[in-house]
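Here are some notes for reading this structure alongside its sequence. They go from the sheet to the core and then to the surroundings of the ligand.

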Amino acid sequence: MEYSRTLTLVALVFTLFIIRRFFGSGFSKMASPQTVQHVRSLIKDNKIFVAAKTYCPYCNATLKLLFQDKKLRKDQVLLLQLDTMKEGSEIQEALTEISGQRTVPNIYILGEHIGGNSDLQALEASGKLDELLEKALA
Ligand SMILES: N[C@@H](CCC(=O)N[C@@H](CS)C(=O)NCC(=O)O)C(=O)O
């Protein structure tokens with residue numbers, strides 16, 4: 001009797017662990033259609049769009065490339081620091097729905113999804129970033 005009660009308890013704790021491990025923080029609520037539409041408009045209406053988080057090293061590498069190396073001005077880029085915004089996580093959900101990419105930075109140039117920092121750096125290494133930025137800022 002004692003044994004089976006212990007076994008039930010262990011099974012319960014294990015089940016809770018599995019639920020938490022696989023669904024706990026991974027559960028993401030869908031963004032509302034209005035937010036998805038709003039984010040689509042931001043991407044369309046801004047030649048360079050970057051969603052980032054202030055503590056993210058990949059984001060900081062992207063911002064360094066754009067603002068320091070490429071000398072873009074702040075007003076030439078729509079930069080959303082999602083962790084400083086009340087609606088930041090919903091915007092991140094919307095971006096995931098739109099681009100299939102959950103991580104930040106999430107970069108668009110002229111409405112085209114570039115990807116994350118590694119994709120932007122690869123574009124720079126291939127010599128194609130300057131051309132794209134020139135087109136965007138023309
Ligand atoms: N390979 C990606 C790595 C990006 C990445 O891992 N970003 C982290 C933050 S530093 C992230 O988005 N984590 C999930 C989250 O913050 O929701 C890139 O080059 O952009």
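1. Before looking at the sheet, it helps to know that two strands are said to pair if DSSP finds at least two bridges between them. In this predicted model, four strands form an open sheet in the order β2-β1-β3-β4, and their pairing is mixed. The strands β2 (78-81) and β4 (112-115) stand at the edges, each with a single partner strand, so one side of each is left without a neighbour in the sheet. On average, and with direction ignored, neighbouring strands of this sheet are turned by 15° against each other.

2. One pairing can be followed in more detail: β1 and β2 run in the parallel sense and are joined over four bridges. As an example, Phe-49 has Leu-78 in β2 as its bridge partner.

3. Turning to the whole chain, the secondary structure comes to six helices and four strands, and from the N terminus on these elements follow one another as α-α-β-α-β-α-β-β-α-α. Among contacts with a separation of 6 or more, 69% are accounted for by residues 24 or more positions apart in the chain. Of the 138 residues in the chain, 24% are buried.

4. In soluble globular proteins, nonpolar side chains tend to be buried together. Here the largest nonpolar core has 26 residues, of which Val-50, Ala-51, Ala-52 and Ile-91 touch the most other members. The elements that give two or more residues to this core are α2 (33-45), β1 (48-52), α3, α4 (88-99), β3 (106-109), α5 and α6 (129-137), and the largest share, five residues, comes from β1.

5. Which residues is Val-50 in contact with, once its neighbours within four places in sequence are left aside? They are Thr-62, Val-77, Leu-79, Pro-105 and Ile-107.

6. Finally, the ligand deserves a careful look, for it is surrounded by Lys-53, Cys-56, Pro-57, Tyr-58, Thr-103, Val-104, Pro-105, Gly-116, Asn-117 and Ser-118. Two or more residues of this shell come from each of the elements α3 (57-69) and α5 (117-125). By character, the residues of the shell divide into five nonpolar, four polar and one charged. Pro-105 can be picked out in both pictures, since this residue belongs to the surroundings of the ligand and is also among the contacts of Val-50.

Conventions: Residues are numbered from 1 along each chain as its sequence is written. This is a predicted model: local features need pLDDT of at least 70, side-chain atom pairs count only at pLDDT 80 or more; totals for chains, interfaces and linings use all residues. A residue is near a molecule or strand if its C-beta atom, placed from the backbone, lies within 6 Å of it. Ala, Val, Leu, Ile, Met, Phe, Trp, Tyr, Cys and Pro count as nonpolar, Asp, Glu, Lys and Arg as charged, and the others, Gly among them, as polar. A residue is buried if 20 or more other C-beta atoms lie within 10 Å of its own, exposed if 12 or fewer, and partly exposed in between; C-beta atoms are placed from the backbone. Two residues are in contact if their C-beta atoms, placed from the backbone, lie within 7 Å. A nonpolar core is a set of buried Ala, Val, Leu, Ile, Met, Phe, Trp, Tyr and Cys residues joined through C-beta atoms within 7 Å. Axes are lines fitted to C-alpha atoms, for helices over the stretch in contact, and angles run from 0 to 180 degrees between N-to-C directions.
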